[in-house]
Amino acid sequence: MRFHQVRELVRWAADYHQRLAEHYTKHAGDDVKERVRMALEYLANHERTLQANLEDYFTDGSDHHGVLDTWFDDPADFPHLPVLDRLPGCMDCESVQDVLATALTTHKTLQDLYRHRADRASIEEEREFFAALAAGHDGEVRRLARDIQRLEDY
């Protein structure tokens, strides 16, 4: 389907974070090194937080109901090829850096999607909404990389 409401994309993104959290939690229970397990648990919690942040847009007190009801036409359709579906059943968990690389790849997918929607927005509110999501995601990715790197350094 080529026509969507912004709320559908935000719901898809929240579900994407939920699936990532489940993926990381599952692999944290595998036979992995202690630091890798800690990184996976950290990432699972991080994804749950991002999911909750997106779901807050759907609450009654949110200022974003207008933009969430906005329709958009995108011939490329979303979601783009989900990175999660391309991850191997048992992702490479040999090192903290492997786990970080996977996390950064999955987040790049969302950043690109948010930027794409900001660039193609039909109204200013929609452009600002997706630009803010992309900027916020940039900050989250930097924080995630910093925290995972600290875990490996100590």
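## A tour of the predicted chain

Begin with the whole chain shown as a surface, which exposes about 8,100 Å², with carbon and sulfur atoms supplying 51% of that area. Keep in mind throughout that this is a predicted model. Of the 154 residues in the chain, 42% are buried.

Now switch to a cartoon and colour by secondary structure, where 6 helices and 2 strands can be picked out in the chain. Followed along the sequence, these elements come in the pattern β-α-α-α-β-α-α-α. If you then turn on contacts between residues with a separation of 6 or more, 80% of them join residues that lie 24 or more positions apart.

**The pair α1 and α5**

Next, select residues 6-28, which form helix α1, together with residues 96-120, which form helix α5; the two helices pack at an angle of about 180°, and their axes are 12 Å apart. Because an angle over 145 degrees counts as roughly antiparallel, α1 is described as roughly antiparallel to α5. To see the contact itself, show side chains on the α1 side for L9, W12, A13, Y16, H17, L20 and Y24, and on the α5 side for T102, A103, T106, H107, T109, L110, L113, Y114 and R117. Colouring these contact residues by character divides them into 10 nonpolar, 5 polar and 1 charged.

**H46 in α2**

From here, move to helix α2, residues 34-55, and select H46, which lies within this helix. Is H46 buried or exposed? Its relative accessibility is 5%, so H46 counts as buried, given that the cut-off for a buried residue is under 20%. With neighbours within four places in sequence left aside, H46 is in contact with H107, E140, R143 and L144. One of these partners, H107, has already been on screen as a residue that α5 brings to the contact with α1.

**T70 between α3 and β2**

For the last stop, centre the view on T70, which sits in the loop between α3 (65-68) and β2 (71-73). Although T70 belongs to a loop, it counts as buried because its relative accessibility is 11%. Which backbone atom does the side chain of T70 reach? Drawing the distance to G66 shows that the side chain of T70 reaches the backbone oxygen of that residue at 3.3 Å. Finally, add the residues that T70 contacts beyond its neighbours within four places in sequence, namely H4, Q5, V6, I123 and E126; among them, V6 falls in the residue range 6-28 of helix α1.

Conventions
Residues are numbered from 1 along each chain as its sequence is written. This is a predicted model: local features need pLDDT of at least 70, side-chain atom pairs count only at pLDDT 80 or more; totals for chains, interfaces and linings use all residues. Side-chain values use heavy atoms; hydrogens and water are left out. Axes are lines fitted to C-alpha atoms, for helices over the stretch in contact, and angles run from 0 to 180 degrees between N-to-C directions. Helices (H or I, at least four residues) and strands (E, at least two) are DSSP runs, numbered from the N terminus. Angles under 35 degrees count as roughly parallel, over 145 as roughly antiparallel, 65 to 115 as roughly perpendicular and the rest as oblique. Contact means heavy atoms within 4.5 Å. Ala, Val, Leu, Ile, Met, Phe, Trp, Tyr, Cys and Pro count as nonpolar, Asp, Glu, Lys and Arg as charged, and the others, Gly among them, as polar. Buried means under 20% relative accessible area, exposed over 50%, partly exposed in between (1.4 Å probe, protein chains only). Accessible areas come from the Shrake-Rupley method with a 1.4 Å probe; for residues, only the protein chains shown count as cover. A polar contact is a pair of N or O atoms within 3.5 Å; within protein, one must be able to donate a hydrogen and the other to accept it, and residues adjacent in sequence count only if both atoms are side-chain atoms.
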